[in-house]
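Here are some notes to read alongside the structure. Please keep the sequence and the 3D view open while going through the points.

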Amino acid sequence: MLQFADLLREHQSMVYSLAYHALGDRAAAEDLTQEVFLALFEHLDMLESAEHAKAWLMRVAANRAIDEIRKRRYRSGPPLEAAEPAEAGAQEDWVLRAQVRRMVAGLPARARTMIILRYQEDLGPAEIARALDLPVQTVKSRLHRSLNLLRGRMARGLAGVRAGRRA
Amino acid sequence: MSEQDRFDDLLRSALGRVEPPAGLEGRILRAAGLRHRTPRGAWLRAVAMVLIVLAAAALGLLWRQERARAERAEQARRQLEFALQLTYDRLVKAERQANSIGVRKIRFEEVPQ
Amino acid sequence: MRILWYVALGAPLSLAAQGIDWSVLDKLAEKAKESAVVNLGPEQLSLLAGARGKGEEAKLGELAKLLKSVQVRNFEFEAPGMYDVELVRSLRDKVKAGGEWVSIVSVKEKDGFTEILIKKPSGEKTGGLLVIAAEPKEVSVVHVEGVADLSALGRLGGLAGIPEVAPAGKKAPAPAKEKPKQE
């Protein structure tokens with residue numbers, strides 16, 4: 001029998017991170033995380049194993065995040081870190097990461113969620129396809145397109161960051 | 001390290017897991033507990049209330065029935081006593097009357113018709 | 001003051017079946033100062049029979065087990081001559097003429113009479129005791145179904161102010177008759 005508290009402890013980071021990267025808002029991420037786990041609580045009897053529960057959580061979190069993005073029309077606005085790193089090297093990394101998150105946040109809802117699942121959870125196209133209930137080929141092509149887009153934006157953005165630092 | 005690898009690493013680093021706030025787990029557990037308790041608790045409370053009301057009504061009904069029965073029994077007792085007393089009065093009177101005319105004892109036997 | 005104490009419990013008992021024309025007495029009720037009517041059927045007697053207790057209650061319970069029914073009509077009048085004693089006498093005569101009832105005590109007076117009758121049980125018919133008393137200012141009729149002799153009532157010593165029913169004619173002081181008060 002699956003224990004809700006155990007599942008919550010184990011997977012809250014996954015769900016919260018997904019929501020946070022997708023929505024770029026801590027409070028909204030907390031709300032979505034709570035919603036997802038309360039849904040898990042209601043469906044606990046239907047889940048057969050810990051793996052099943054994890055896959056279920058990922059699917060529900062991803063889809064709810066997509067819904068929430070569409071509802072809120074989150075297209076921009078970078079997620080903010082709690083505090084800026086003090087050292088120069090760390091500062092650069094932090095700026096870079098923030099840039100990347102801003103760019104990811106600029107992607108359409110489904111593409112954004114695919115990228116998050118790909119890089120946050122290290123999922124392959126097939127797993128992402130299962131989580132979002134999409135054909136694998138669709139996921140592959142969307143990922144490919146999104147990554148190209150990000151790469152292009154990043155090249156322009158990084159140049160801006162470096163130029164800013166030199167100045 | 002290729003450009004692609006660096007790009008992937010940057011994405012992994014930027015989109016890595018972040019720790020949820022400390023209070024989130026407790027908040028979710030409380031909400032789940034509340035959700036768990038509220039419908040069932042409310043349902044149980046409602047059932048308990050109905051049972052209490054039914055039990056009280058049944059007890060009240062039994063008590064009223066018992067009281068009514070006791071009242072009827074008391075009425076019947078008084079009436080039977082009255083009937084016995086009246087019978088006794090008449091017997092004594094008849095005996096007294098018989099004594100007054102010289103009959104010393106009344107034998108309660110059949111009187112030939 | 002005219003007080004009507006009338007408690008009819010249970011189904012009215014068919015007194016006609018016992019050879020007693022009760023309607024004759026009902027006519028007297030209209031003229032009486034006080035009327036007492038008792039109709040105890042099996043249901044009411046079973047309430048008494050089921051009573052648990054000691055002493056008087058237990059004795060009454062024992063008696064109630066023997067009884068099938070009890071009827072009483074007692075009428076008190078303001079003054080002598082307010083009712084026709086012939087009505088009561090005709091009632092007694094009809095009962096006696098029926099052949100079922102046998103008189104064991106019959107006292108005649110100038111303005112009335114007292115008649116005590118019994119009915120022996122035979123087959124499915126239960127026995128009974130009937131007291132018909134007519135006095136100048138009072139008429140009493142008591143019908144007890146279920147006992148056919150006074151020995152059963154003799155067991156009631158101490159009940160309802162009855163010192164002892166003395167079939168052998170032992171004298172016992174008559175208790176002051178107290179009628180049940182109106183509820």
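1. Of the 183 residues in chain C, 36% are buried. The model is predicted, and every value in this note is computed from it. Chain C holds 5 helices and 7 strands. Read from the N terminus, their order is β-α-β-α-α-β-α-β-β-β-β-α. Among contacts in chain C with a separation of 6 or more, 62% link residues 24 or more positions apart.

2. Strand β7 of chain C, residues 138-145, deserves a look of its own. Is β7(C) mostly covered or mostly open? It is mostly covered, since 7 of its 8 residues count as buried, and a residue is buried when 20 or more other C-beta atoms lie within 10 Å of its own.

3. Which strands pair with β7(C)? One is β3(C), residues 69-76, which pairs with β7(C) in the antiparallel sense over 8 bridges. Within this pairing, C:Arg73 has C:Val141 of β7(C) as its bridge partner. Another is β6(C), residues 128-135, which also runs antiparallel to β7(C) and is joined to it by 8 bridges. The connection from β6(C) to β7(C) is a hairpin through 2 residues.

4. C:Gly128 is a residue of strand β6 in chain C. Opposite C:Gly128, in β7(C), stands C:Glu145. The C-alpha atoms of C:Gly128 and C:Val144 are separated by 5.5 Å, although these residues are 16 apart along the chain. Why does C:Gly128 count as buried? The reason is a count of 24 C-beta neighbours inside 10 Å, and the cut-off for a buried residue is 20 or more.

5. The largest nonpolar core has 49 residues, and the members that touch the most others are B:Leu80, B:Ala83, C:Leu48, C:Val70 and C:Val72. Helix α2 of chain B, residues 24-100, provides the largest share of this core, with 10 residues. Leaving out residues up to four places away in sequence, C:Val72 touches B:Phe82, B:Ala83 and B:Leu86 in chain B, and C:Ala36, C:Val37, C:Val38 and C:Val142 in chain C. Another core, of 45 residues, lies apart from the largest one, and its members include A:Leu32, A:Ile69, A:Ala111 and B:Ala32. As background, nonpolar side chains in soluble globular proteins tend to be buried together.

6. Chain B has 2 helices and 0 strands. Of its 113 residues, 24% are buried.

7. Chains A and B touch: 26 residues of chain A are in contact with 21 residues of chain B. On the side of chain A that touches chain B, at least two residues come from each of α1 (4-23), α2 (26-43), α4 (88-105) and α5 (109-120). Which of the helices gives the most to this side? It is α1(A), with 11 residues. By residue type, this side of chain A divides into 14 nonpolar, 7 polar and 5 charged.

8. Helix α5(A) has 12 residues and spans 16 Å from its first C-alpha to its last, close to the 16 Å expected at 1.5 Å a residue. Because 11 of its 12 residues are buried, α5(A) is largely enclosed by the rest of the structure. Among the buried residues are A:Arg110, A:Ala111, A:Met114, A:Ile115, A:Leu117 and A:Tyr119.

9. Two residues of chain A have a positive phi without being glycine. A:Asp122 follows α5(A) and lies in the loop between α5 and α6 (125-132); its phi is near 60 degrees. A:Asp133 lies in the loop between α6 and α7 (136-166), with a phi of about 55 degrees. Are these residues buried or exposed? A:Asp122 is exposed, with 10 other C-beta atoms within 10 Å. A:Asp133 is exposed as well, with 9 C-beta neighbours inside 10 Å. The cut-off for an exposed residue is 12 or fewer.

10. A last point concerns confidence. Chain A has a mean pLDDT of 84, and 81% of its residues reach 70 or more. Over residues 74-86 of chain A, however, the pLDDT is below 50, and this stretch has 26 contacts in the model beyond near neighbours in sequence.

Key
Residues numbered from 1 in each chain as written. Chains lettered and ligands numbered in written order. Predicted model: local features only at pLDDT ≥ 70, side-chain atom pairs only at ≥ 80, totals over all residues. Helix = DSSP H or I, 4+ residues; strand = E, 2+ residues; numbered from the N terminus. Contact = placed C-beta atoms within 7 Å. Pairing = 2+ DSSP bridges. pLDDT = per-residue confidence, 0-100. Nonpolar A, V, L, I, M, F, W, Y, C, P; charged D, E, K, R; others polar. Core = buried A, V, L, I, M, F, W, Y, C linked by C-beta atoms within 7 Å. Expected span 1.5 Å × (residues − 1).
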